[in-house]
Amino acid sequence: MAVNTTVTEFILLGFSQNPRVQTILFLIFLTIYITTWLGNMTIIIIVISKPQFHIPMYFLLANLAVIDISDSTVTAIKMLWNLITHKNTISYNWCIAQVFLFHFTGGAVAFFLIVMTVDRYIAIYKPLQYLLIMHPGVCVGLVAGAWLGGFAHSIVQVALILQLPFCGPNILDNFYCDVPQLIKLACTDTYITELLMVSNSGFLLTLIFCILLVSYSVILIKIRTHVTEGKHKALSTCAAQIIVVSLIFIPGMIIYDRPFQVFPGDKIASVVYTLITPMLNPMIFTLRNREMKDTIRKLIRKMMPFTIKESK
């Protein structure tokens, strides 16, 4: 526990204290969470089981699905439990663990999107050498690097919290533990800590977002001016990744780019970032990918006769 910390648990205000509203929200968020699992697991299973998807782009897409499930689970499980039991407390230790896991998976997502951009850049600019450059060893190394980047980012965030004393108010106006709300409860001056938070989260998110936008602009220009074969597929893939990048980074920047203030509207951005985006990612990628759509249709057709036979 942090030095001089007397707080043993925090109270999460969540979205409402009305039991009926909490039950409705539980059903809504449970549906979103189940959809997240189904969509992302479908991508993972298809990529693993179908040989035509054993290429770098789909290997990275399957790994993004793993990160999406992990990222959503960190916040969803505790939130769903609180909604269905109508309890709103979280222990200090679990709160710190949630901060670590949230920024671990969230940081991994940010770095992983850089990896996916590099993959598209090589595919467009070096099509003949693509498979030689992006061989399995390189792909595994890039994925591991993204997770290590998330781990390093998360360690810094947890270190910011652990050196703060908590001895008074313990009410967090959120549905999960995160650095901006926790800092406000510390019994000490947090000016320097908040600046460090902005530099490690807000500035990092903004920098990566700008790099990704510039990179995709360069890639799109190349596709429109030089690519003839497979042009529509390349544009669709890049467009899907740009949508995903925007859904992830814009809500994150809203929360972490401004220090010293926490607004109730941050909850909406948090819901988009932690729950909606992991659910939408597989839909965005599959809806804009003909091969993936055709494979899912065939899989559903194969399962339907089996389901009918079982019901008989």
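In this predicted model, F10 of strand β1 stands opposite I90 in β2. These two strands run antiparallel and are joined by 3 bridges. On its other pairing, β1, which spans residues 9–12, meets β3 in the parallel sense over 2 bridges. There, I11 has I171 of β3 as its bridge partner.

**The sheet and its packing helix**

Taken together, 3 strands make up an open sheet with mixed pairing, arranged in the order β2-β1-β3. Strands β2 (89–91) and β3 (171–172) are the edge strands, each of them pairing on one side only. Helix α3, residues 92–125, packs on this sheet and touches β1, β2 and β3. The direction of helix α3 makes about 85 degrees with that of β2. Within β1, the two faces are distinguished by their cover: F10 and L12 form the covered face, whereas E9 and I11 form the uncovered one. Thus F10, which stands opposite I90, belongs to the covered face of β1, and I11, the bridge partner of I171, belongs to the uncovered face.

**Nonpolar cores**

In soluble globular proteins, nonpolar side chains tend to be buried together. In the present model, the largest nonpolar core has 67 residues, of which F29, F112, L113 and F249 touch the most other members. Two or more residues of this core are given by each of the helices α1 (19–49), α2 (56–85), α3, α5 (136–162), α7 (191–226), α8 (231–256) and α9 (266–287). Helix α2 supplies the largest share, 14 residues.

The surroundings of F249 illustrate the packing. When neighbours within four places in sequence are left aside, F249 is in contact with A110, L113, L205, I208, F209 and L212. One of these partners, L113, is itself among the residues that touch the most other members of the core.

A second, separate core comprises 22 residues, including F10, Y92, L185 and A186. F10 of this second core also lies on the covered face of β1.

**The loop residue Q17**

Q17 is placed in the loop between β1 and α1. With a relative accessibility of 47%, Q17 is classed as partly exposed, because that value lies between the 20% limit for buried and the 50% limit for exposed residues. Not counting residues up to four places away in sequence, Q17 touches Q22 and N88. The side chains of Q17 and N88 are joined by a polar contact of 3.3 Å. The side chain of Q17 also reaches the backbone oxygen of L13, at 2.6 Å. Computed along the sequence, Q17 and K87 are 70 residues apart, yet their C-alpha atoms are 9.3 Å apart in space.

**Disulfides and other cysteines**

A disulfide is a covalent bond between the sulfur atoms of two cysteines. The count for this model comes to 2 disulfides, listed below.

| Disulfide | S to S distance |
|---|---|
| C95 to C177 | 2.0 Å |
| C167 to C187 | 2.2 Å |

The link of C95 and C177 is left-handed, with -115 degrees about the S-S bond. This pair connects distant parts of the chain, 82 residues apart: C95 lies in helix α3, and C177 lies in the loop between β3 and α6 (179–184). Both C95 and C177 are buried.

The second pair likewise links distant parts of the chain, with C167 in the loop between α5 and β3 and C187 in the loop between α6 and α7, 20 residues apart. C167 is partly exposed, since its relative accessible area is 43%. C187 is also partly exposed, with a relative accessible area of 32%. When the bonded cysteines are numbered in sequence order, the pairing reads 1-3, 2-4.

Accessibility values are available for two further cysteines. C139 counts as buried because its relative accessibility is 3%, under the 20% limit. C210, by contrast, is partly exposed, with a relative accessible area of 40%.

Definitions and conventions. Residues numbered from 1 in each chain as written. Predicted model: local features only at pLDDT ≥ 70, side-chain atom pairs only at ≥ 80, totals over all residues. Heavy atoms only, no water. Pairing = 2+ DSSP bridges. Helix = DSSP H or I, 4+ residues; strand = E, 2+ residues; numbered from the N terminus. Contact = heavy atoms within 4.5 Å. Axes fitted to C-alpha atoms, helices over the stretch in contact; angles between N-to-C directions. Core = buried A, V, L, I, M, F, W, Y, C linked by side-chain atoms within 4.5 Å. Buried < 20%, exposed > 50% of the residue type's maximum accessible area, 1.4 Å probe, protein only. Polar contact = N/O pair within 3.5 Å; in protein donor to acceptor, adjacent residues only side chain to side chain. Disulfide = S-S within 2.5 Å.
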